Amino acid sequence: NSTGQSLTVDQAGTYTVTITNNYNCSIEDSAVVVVNPLPVVELGNDTMVCENTALTFDAANPGATYLWSTGDTTQQITVNQGGTYSVTVTNEYNCSASDDVEVIEYPPVSIDGFTFVPKFEIQVGRVDFFPLNPQLVNEYLWDFGDGNTSTQATPIHIYAASGNYLVSLTVSNECSVRDTSLLIYVDLLTGVKFVDADEVNVNIYPVPTQHSLNVELAETNNNIRKIRVVNTIGQTLIEQGGSNTQKQSVDVSNLSAGNYFIYIETDHGNTVRKFNKQD
């Protein structure tokens, strides 16, 4: 029923027009409109994942052609890092549709170790522990080296006897775990101190690890003499001589998953750290 010179349509069907001029002469014509379907493209909701998590996106519409923002032209792509991924799908009618999805990587947990403050003036054997600069930590697990543990962020522990204790802290979030440890000496008469803390400043990484563990001394005038990896019941599983360098790698790929201690002998003293091996 439109009376204009032109008509815009968006539905399939047959459209007929009658044209009448000033002399009342008429002519009729018709056209058939076919509406081809657009491809339906749904990559899903934006998502947050752990680092290095593999995700597969499927553009569906088998038989169509595809162009992803990555340059791929397949129906599916697999990605393992954050970013925005988009695809344009063109079907057999040369009709195109697009969609995109954002992948956000959840940051790993981070901590700069921990420290302690003896509070023997309040109670003999009392030591207060504090994590240093914890970032994105959801859970804490302290092991005080005497068979006792705590899940508090800043625990208070009472030592019943003097001696060396390997204190470890494991922090975690949805995606990662980080271990750190210190060997301390508790003297119920005089207080608490680090064992060889002034002489040995060492970093071990990555923690947790799957294949190898790097041992690196911070001081330029200190070298590694010997390294031993010991399980939780005291058995030595790996022993290797030092390379007279500040950095050395230890192959732990044959170890079963679990917690271990690494004893490091250097020119300026000895120290021990705890680490976690994963499959």
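Which residues does Ser176 touch, not counting residues up to four places away in sequence? In this predicted model, the residues touched by Ser176 under that condition are Pro108, Val109 and Val171. Ser176 itself lies in the loop that runs between strand 14 (163-172) and strand 15 (177-187). With a relative accessible area of 16%, Ser176 counts as buried, because the limit for that class is set at under 20%. One of the touched residues, Val109, is also reached through a polar atom, in that the side chain of Ser176 comes to 2.7 Å from the backbone nitrogen of Val109.

A second serine, Ser168, belongs to strand 14, which is one of the two strands that flank the loop of Ser176. The relative accessible area of Ser168 is 3%, and Ser168 is accordingly classed as buried. When residues up to four places away in sequence are set aside, Ser168 touches Phe114, Leu141, Trp142, Asp143, Thr180, Ser181 and Lys274. Among the touched residues is Lys274, and strand 23 covers residues 269-277.

The overall architecture may be described next. The secondary structure of the protein comprises 0 helices and 23 strands. The C-alpha trace spans about 120 × 45 × 35 Å along its principal axes, and the radius of gyration of the protein is 34 Å, whereas a compact globule of 279 residues would have a value near 19 Å. Of the 279 residues in the protein, 35% are buried. Among contacts with a separation of 6 or more, 48% are accounted for by residues that stand 24 or more positions apart.

One part of this strand arrangement is an open sheet of 4 strands, in which the order is 20-19-22-23 and the pairing is antiparallel. The edges of the sheet are formed by strand 20 and strand 23, each of which has a single partner strand, so that one side of each is left without a neighbour in the sheet. On average, and with direction ignored, neighbouring strands of this sheet are turned by 20° against each other.

Within the sheet, strand 22 (residues 258-266) and strand 23 run antiparallel and are joined by 9 bridges. The connection between strand 22 and strand 23 is a hairpin that passes through 2 residues, and across the pair Gly258 stands opposite Lys277 of strand 23. Although strand 23 is an edge strand with a single partner in the sheet, 8 of its 9 residues are buried, and strand 23 is therefore largely enclosed by the rest of the structure.

Towards the other edge, strand 19 and strand 20 pair in the antiparallel sense over 5 bridges, and Ile227 has Gln240 in strand 20 as its bridge partner. A side-chain link accompanies this pairing, for Lys226 and Glu239 meet in a salt bridge with a distance of 3.6 Å from N to O. The two residues of this pair connect distant parts of the chain, with Lys226 placed in strand 19 (residues 224-230) and Glu239 placed in strand 20 (residues 236-241), 13 residues apart. Both residues fall into the partly exposed class, Lys226 with a relative accessible area of 35% and Glu239 with a relative accessibility of 49%.

Salt bridges that share partners also join Lys119, Arg126 and Asp128 into one network. In that network Asp128 forms a salt bridge with Arg126, in which the closest N and O atoms are 2.9 Å apart, and the side chain of Asp128 also meets that of Lys119 in a salt bridge at 3.7 Å from N to O. Asp128 is buried, with a relative accessible area of 5%, and Arg126 is likewise buried, whereas Lys119 is partly exposed, with a relative accessible area of 22%. The structure holds 3 salt bridges, including the link between Lys226 and Glu239 described above.

Methods: Residues numbered from 1 in each chain as written. Predicted model: local features only at pLDDT ≥ 70, side-chain atom pairs only at ≥ 80, totals over all residues. Heavy atoms only, no water. Salt bridge = Lys/Arg side-chain N within 4 Å of Asp/Glu carboxyl O. Buried < 20%, exposed > 50% of the residue type's maximum accessible area, 1.4 Å probe, protein only. Polar contact = N/O pair within 3.5 Å; in protein donor to acceptor, adjacent residues only side chain to side chain. Contact = heavy atoms within 4.5 Å. Pairing = 2+ DSSP bridges. Axes fitted to C-alpha atoms, helices over the stretch in contact; angles between N-to-C directions. Rg over C-alpha atoms; globule rule 2.2 N^0.38 Å.
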